[in-house]
Amino acid sequence: METETLDIKITKTAKSRVHDQDVNNVPFGKVFSDHMFVAEFENGKWSKAYIEPYREIPMSYALAALHYGQAIFEGMKAYKDVNGHVSLFRPQNNFHRLNKSAIRMAMPEVPEELFFGALTELLKLDSEWVPTGDTGSLYIRPFMISTDEAIGVRPSDTYKFIVISCPAGKYYSEPVRVLIEHNYIRAVHGGVGFVKAAGNYGRSLYPTKLAMEKGFQQVIWTDAETHTFVEESGTMNLMFLIGDTIITPALSDTILDGITRNSVLAVAKDWGYKIEERKISIAEIVEAHKKGTLNEAFGTGTAATIAHISAIGLDDVVMELPSVEKRAFSPKVDEYLRNLRKGIENDKFGWMYKIC
Ligand code: COI
């Protein structure tokens, strides 16, 4: 595939909408910033790149993405530090994961200059949309869809790579109650569980709806073969503090290589915690709860950052966990990452990518 550098044509909005609301106080994922980036792929190469005022997509009802699910995305965040500088958190990781998803879904890879050019130009234009509050960020959604107007199962010849963004506060305002799911599955070996394919999320909605009807906010997915090992929780990676060891399911082709997961493990290691990345069975969690050593459970994800788990349901049994105030690790790492992103904590890992 040709990867020559593309100029990004910029059309600015005639009137910014940024002051129509308080960007520090908007619901997650509902209000979109002034501009969006679009790149078009045709004839085997990325041929056009432009930034325009945010708008709807004009599209055919036969759009391939709608029928065959060639749709992938990323989730990333920009932060405004205490000095007003805007930075992205570990965008290289998002870039690599996007292209991993693209390869698995038979879609074209996005060149590095295009990905970073898009983010840099967009953030320069929409820097006022980046919240300043303690827990605020600009959630950025790069995504790619197949755009052939054709019915027929085959990879599309044309694609759009698009970046939109929305100011975001906390994804979960309270600790979450999660139900272990051992009927429906999220991912199978050989499938697409390790990439951010839109279909992974669509298939999760019905089991999650059933869990919600039982008083839970999310499910804990189990392995497809035996339903005895835990994998992820909802849209997040999963971690447990059992005794003084942090245990998380090892990465595999059924588990997303979460950037927050990776960051939390790096910080924990730096702080001297024992870490085990391995299979973790439901039986082990039940046993630890019985013994009183299940000190913490939490999800990690870009949107959620750290989502404390207050209770784990297993069939008719509910295992209540210690309150967040009593937890030694997850509130501390949450605060550490927040401070790092706000420039209060020294960026010793070199994770912040300065934009403007
Ligand atoms: C993310 O954490 O960024 C996701 O993609 C999942 C979704 C909850 C927004």
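## A walk through two domains

Start by colouring the two domains: 22 residues of domain 1 are in contact (heavy atoms within 4.5 Å) with 22 residues of domain 2. Select 9–168 for domain 1 and 176–341 for domain 2; these bounds come from an automatic or database domain assignment. Their centres, taken over C-alpha atoms, are 27 Å apart.

Before going on, a word on what you're looking at: this is a predicted model, where local features need pLDDT of at least 70, side-chain atom pairs count only at pLDDT 80 or more, and totals for chains, interfaces and linings use all residues. Residues are numbered from 1 along each chain as its sequence is written, and side-chain values use heavy atoms, with hydrogens and water left out.

**Stop 1: the interface.** Domain 1 and domain 2 bury about 1900 Å² between them, with 63% of it on carbon and sulfur atoms. Buried area here is the accessible area (1.4 Å probe) that two parts lose on being put together, summed over both. On the domain 1 side, select strand 4 (71–73), strand 5 (76–80) and helix 2 (91–104), the elements that each give two or more residues to the side touching domain 2. Helix 2 gives the most, with six residues. (Helices, H or I of at least four residues, and strands, E of at least two, are DSSP runs numbered from the N terminus.)

How many salt bridges cross between domain 1 and domain 2? The rule, a side-chain nitrogen of Lys or Arg within 4 Å of a carboxyl oxygen of Asp or Glu, finds zero across this interface.

**Stop 2: helix 5.** Now select 205–213. Pro207, Thr208 and Ala211 are buried here (under 20% relative accessible area; exposed is over 50%, partly exposed in between; 1.4 Å probe, protein chains only). Looking down the axis, the buried residues of helix 5 fall within an arc of 100°, so they line one face of the helix; the arc is that of the directions from the helix axis to the C-beta atoms. They pack against strand 9 (176–181) and strand 10 (218–222). Flip to the other side and you'll find Leu205 and Glu213 exposed. Just after helix 5, glycine 215 takes a positive phi of about 95°.

**Stop 3: salt bridges.** The whole structure has 15 of them. Show arginine 186 and glutamate 232, whose closest N and O atoms are 3.4 Å apart. Arginine 186 sits in the loop between strand 9 and helix 4 (198–202) and glutamate 232 in strand 11 (residues 230–233), so the pair ties together parts 46 residues apart in sequence. Arginine 186 is buried at 6% relative accessibility, and glutamate 232 is buried at 3%.

Finish at Glu276, Arg278 and Glu284, linked in a network of salt bridges.
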